[in-house]
Structures are given as C-alpha cells and as structure tokens.
Amino acid sequence: MRRFSSFTVSCVLFVVSVLLLVMLLRERSDKASADGASASEIKKPETFEERVSYAYGVVAYRQLEEMGNPFSVDYFMAGLKTAAASEKSLMSDQEIQKAIQEAELAMVERQEAKIDKTDQQKGEEFLAENGKKEGVVTTASGLQYQVIKAGDGPKPKSTDTVTVHYHGTLIDGTVFDSSVKRGAPATFPLNQVIAGWTEGVALMPKGAKYRFFVPYKLAYGARGSGAIIKPYSVLIFEVELLGIK
C-alpha cells in the first residue's frame, strides 16, 4: 500500500473541513431561504458545535488559499457524496492518485519559484573557481576538500561515531556553527549528518585536519537551515578528526 506524504494527508484533512463547512452552509442557506432569512443573519457561534464548525471553516479556507490550487466546490461535493454513498467514482483510483500528485507538484513548483536563487548562482561560481586552486580536490559528487594537516591514523567508516573539532562558515565568511568557538569538540554518528560530512570525514585519517567546500546538494539543499544558512548555500568547514569509535 502506498504511504501518503504529510502534505497529502494535510491537504485531504483541510479539504474535508471545507466540504463540511460548505455542506453546513448550504443546509443553513436552504433552511434560511425556506424561513425567509438570509445567510448573513446567522448569529455568532455560541455552542461547541457552532464554534468548532466555524473555526474549521475559517482555518480550512485560509489553508486552501495558501496552497493556491484551483478548487471546485461542486466537484468536491460530488466526490464526497460518491464516496459516502459507495457509488461508482467518476475517476479511477489511479486517476485520483495522479490528481493528488499533480496538486503536490504544483505546490512545490510554486514554492521553488519564490526562492531567490542568487545564492545558488554565487555558490556555483565560487566552486568553479575554487576547484581550480592548487591543493583543492573535487570528488565525483562535487565535494571539494583541501588537506590542512595530514594524519596517520585509521579512516572512519560511515557507520562509525567520530569526535571532531570544526568551524563552519558561508562563502562570505559568516560563521554559522563552530565547536572551536564553543571550546568543546563534537561527537556524532557519521551517517547522521549532511552528506558532505559523511563523505568528507570518511576520507580523513585520524589526526588530520581538512577544509571542506560543500555544495548545497550535499548540505541543506533548496530549503536551507535556520536564519543564516539560506537555500542553495555552499558551506565551508574546517574539520579536525580527533577520535573514532
């Protein structure tokens, strides 16, 4: 059975909330028309049912607006009624799944379109020039490194736990993390960090100190991390391998 993404589940939950709101409004609208009242005359929610229904409606509508996908109340209603009555669907399960995937993709594309890719271009230009410098080695993945101090101990495996001192900066020199500044080395499983670290530290003999230039694809990608590491950021680390467990 296919596992749905968290976005899909959230989308469905919000959509259901909207549908429940629409049905409630239509029922009340029909009743109001029969009684000669208008929808604008609905009183402020007071009971638990009224407050929860109104709150779900407001939140769901705002979320659907943020998602930005086109939305047809009529077809939404038709889909829910078809499922509730166990009637033959107008779309196959495969078509339904494809529509949900298209909605997810459209949302991702809109989010990516909003991202300023200036840092990506700067990073690519930096790595292109940096790779030409003497002593800089570029691996097949695009990771670049320099040997600051050679070591003569064993090299860690990706499944090992390592103890290191490190200093991390952006290409403009901004420091975003540093065990050196904290005055205490860090210990962590090598397979639980960014890909650039997993690959790079595994190249180091114990006692060595390397400088790594990590492309965004081997770091925090198109999402970035926190306020300092923006999307598409190249990261620079000076790492000294102190111990291997």
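Helices, as numbered here, are DSSP runs of H or I with at least four residues, and strands are runs of E with at least two, both counted from the N terminus. The model is predicted.

**Exercise 1.** Find where serine 86 lies and decide whether serine 86 is buried or exposed.

*Solution.*
Step 1. Serine 86 sits in the loop that runs between helix 3 (73-84) and helix 4 (93-114).
Step 2. The cut-off for exposed is over 50% relative accessible area. Serine 86 has 68% relative accessibility, so serine 86 counts as exposed.
Step 3. The backbone of serine 86 has a positive phi of about 55°, although serine 86 is not a glycine.

**Exercise 2.** Do the same for tyrosine 232: where is its place, and is tyrosine 232 buried or exposed?

*Solution.*
Step 1. Tyrosine 232 is found in the loop between strand 6 (209-214) and strand 7 (235-244).
Step 2. Buried means under 20% relative accessible area. The value for tyrosine 232 is 6%, so tyrosine 232 is buried.
Step 3. Tyrosine 232 is not a glycine, yet its phi is positive, at about 70°.

**Exercise 3.** Check the length of helix 5 against its expected span, then locate its buried residues.

*Solution.*
Step 1. Helix 5 covers residues 118-130, which is 13 residues. The expected span is 1.5 Å times one less than the number of residues, so helix 5 should span 18 Å.
Step 2. The end C-alpha atoms of helix 5 are 18 Å apart, in agreement with the expected value.
Step 3. The buried residues in helix 5 include Gln120, Gly123, Leu127 and Asn130. They lie on the same side of helix 5, because the arc they cover around the axis is only 100°.
Step 4. Strand 2 (144-149) and strand 6 are among what covers these buried residues.
Step 5. Take glutamine 120 as one of them: its relative accessible area is 16%, so it is buried. Leaving out residues up to four places away in sequence, glutamine 120 touches Tyr216 and Tyr232.

**Exercise 4.** Describe the largest nonpolar core and which elements give two or more residues to this core.

*Solution.*
Step 1. The largest nonpolar core holds 25 residues, and Trp197, Val214, Leu235, Phe237 and Val239 have the most contacts inside it.
Step 2. Two or more residues of this core come from each of strand 3 (161-170), strand 5 (186-189), helix 7 (195-201), strand 6 and strand 7.
Step 3. Beyond its neighbours within four places in sequence, valine 239 has contacts that include Val164, Tyr166, Trp197, Val201 and Phe212.
Step 4. In soluble globular proteins, nonpolar side chains tend to be buried together.

How values were computed
Residues are numbered from 1 along each chain as its sequence is written. This is a predicted model: local features need pLDDT of at least 70, side-chain atom pairs count only at pLDDT 80 or more; totals for chains, interfaces and linings use all residues. Side-chain values use heavy atoms; hydrogens and water are left out. Buried means under 20% relative accessible area, exposed over 50%, partly exposed in between (1.4 Å probe, protein chains only). The arc is that of the directions from the helix axis to the C-beta atoms. Contact means heavy atoms within 4.5 Å. A nonpolar core is a set of buried Ala, Val, Leu, Ile, Met, Phe, Trp, Tyr and Cys residues joined through side-chain atoms within 4.5 Å.
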